[in-house]
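Let's take a walk through this structure together, one site at a time. Keep the view open as you read.

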Amino acid sequence: MTTRSGYSRTQIILHWLTVVAVLVAWFTHEGMEDVAKAAWRANEGPFPTVHTVAGALAFLMIVARLILRRRRGAPEPQGTEMAKLAATWGHRLIYALVIIVPLLGAATWFGGVRNLSDLHEIAAKGLMLAALGHAAMAIWHQFGKKDGTLMRMLRPE
Ligand code: HEM
Ligand code: HEM
């Protein structure tokens with residue numbers, strides 16, 4: 001992968017749109033269990049809900065970001081070797097979870113694989129924990145260490 005001095009405008013826009021989509025999916029999960037159960041009971045095909053559409057968009061955008069990352073490249077994480085390693089693996093974990101969570105949701109929703117709903121929930125909670133830690137680190141780097149990390153996701157280079 002090419003190492004760049006910053007993220008492109010498209011990478012930055014996709015980052016923040018993914019954040020919005022993940023948050024919308026998170027805050028609209030309430031009632032999904034009942035909606036899914038009612039659809040299965042009535043033998044109705046799955047229909048779009050805010051939760052499933054937002055989750056699907058998060059999935060599509062994170063895949064687009066991965067493709068873009070491979071083609072265009074990305075900047076190296078900043079800080080000590082340990083901090084760089086933690087950031088690299090933290091980002092990989094977040095990429096993986098934004099792919100796995102919607103896939104588990106889709107398997108529950110479309111496939112009617114009910115026993116996967118627990119895994120979907122656990123993975124979603126893991127994703128939100130990882131994202132929270134990630135946001136805290138970004139804020140700490142920007143305002144504690146003052147190394148401009150947050151600006152990299154705001155100003156294209
Ligand atoms: C990043 C995206 C997503 C997040 C953070 C997320 C999060 C959650 C959470 C926390 C629950 C509550 C689980 C429970 O109370 O049992 C849930 C339920 C559910 N979600 Fe998602 N979800 C996402 C994407 C999706 C997608 C893309 C689909 C389908 C295409 C989906 C389908 C469902 C269904 C069917 C349930 C109810 C499962 C049950 O029967 O308990 N989710 N989701
Ligand atoms: C659901 C929420 C979030 C997800 C899924 C997410 C995902 C990601 C991913 C995958 C990367 C790695 C980019 C790459 O190198 O390809 C990244 C970088 C970054 N994110 Fe997030 N993010 C979220 C929330 C946030 C929040 C709330 C903030 C700010 C408070 C933030 C600030 C940053 C910054 C500054 C970087 C660049 C780090 C660097 O260049 O070392 N993110 N994000």
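Start at the iron atom of ligand 1: in this predicted model, its protein donors are His51 and His120, each through NE2 and lying 2.0 Å from the metal. The iron atom of ligand 1 has six donor atoms, and because the angles among them run from 87 to 180°, the arrangement is octahedral. For six octahedral donors, the ideal angles are 90 or 180 degrees. Now find the two histidines along the chain: His51 sits in helix 3 and His120 in helix 5, so this pair links distant parts of the chain, 69 residues apart.

Look a little wider and you'll find 20 residues around ligand 1, with His29, Glu33, His51, Ser117 and His120 coming nearest. Two or more residues of this shell come from each of helix 1 (9–27), helix 2 (32–41), helix 3 (50–72), helix 4 (81–109) and helix 5 (117–144). Which helix gives the most to the shell around ligand 1? That's helix 4, with six residues. By class, the shell around ligand 1 splits into ten nonpolar, eight polar and two charged residues. The two iron-binding histidines turn up again among the polar contacts: a side-chain N or O atom of His51 is 2.8 Å from a nitrogen atom of ligand 1, and a polar side-chain atom of His120 also lies 2.8 Å from a nitrogen atom of the ligand.

Next, move over to ligand 2. Here the iron atom is coordinated by NE2 of His15 and NE2 of His134, at 2.0 Å. This site is octahedral too, with angles of 86 to 179° among its six donor atoms. His15 belongs to helix 1 and His134 to helix 5, so the pair ties together parts of the chain that are 119 residues apart in sequence.

Around ligand 2 there are 21 residues, and the closest are His15, Arg69, Tyr95, His134 and Arg152. Helix 5 gives the most to this shell, with five residues, while helix 1, helix 3, helix 4, helix 5 and helix 6 (149–152) each supply at least two. The classes here are 14 nonpolar, four polar and three charged residues. As for polar contacts, a polar side-chain atom of Arg69 is 2.5 Å from an oxygen atom of ligand 2, and one of Tyr7 lies 3.0 Å from an oxygen atom of the ligand. His15 has a side-chain N or O atom 2.8 Å from a nitrogen atom of ligand 2.

One last stop, away from the metals: Arg92 lies over the face of Trp89, 4.5 Å from the ring centre.

Technical notes. Residues are numbered from 1 along each chain as its sequence is written. Chains are lettered from A and ligands numbered from 1 in the order in which they are written. This is a predicted model: local features need pLDDT of at least 70, side-chain atom pairs count only at pLDDT 80 or more; totals for chains, interfaces and linings use all residues. Side-chain values use heavy atoms; hydrogens and water are left out. A residue is near a molecule or strand if one of its heavy atoms lies within 4 Å of it. A polar contact is a pair of N or O atoms within 3.5 Å; within protein, one must be able to donate a hydrogen and the other to accept it, and residues adjacent in sequence count only if both atoms are side-chain atoms. Helices (H or I, at least four residues) and strands (E, at least two) are DSSP runs, numbered from the N terminus. Ala, Val, Leu, Ile, Met, Phe, Trp, Tyr, Cys and Pro count as nonpolar, Asp, Glu, Lys and Arg as charged, and the others, Gly among them, as polar. A charge sits over a ring if NZ of Lys or CZ of Arg is within 6 Å of the ring centre and within 35 degrees of the ring normal. Donors are N, O and S atoms within 2.8 Å of the metal (3.2 Å for Na, K and Ca); water is not among the atoms, so sites may look incomplete. Four donors count as tetrahedral if all angles lie between 85 and 135 degrees; four count as square planar and six as octahedral if opposite donors are over 155 degrees apart and all others between 65 and 115; anything else is irregular.
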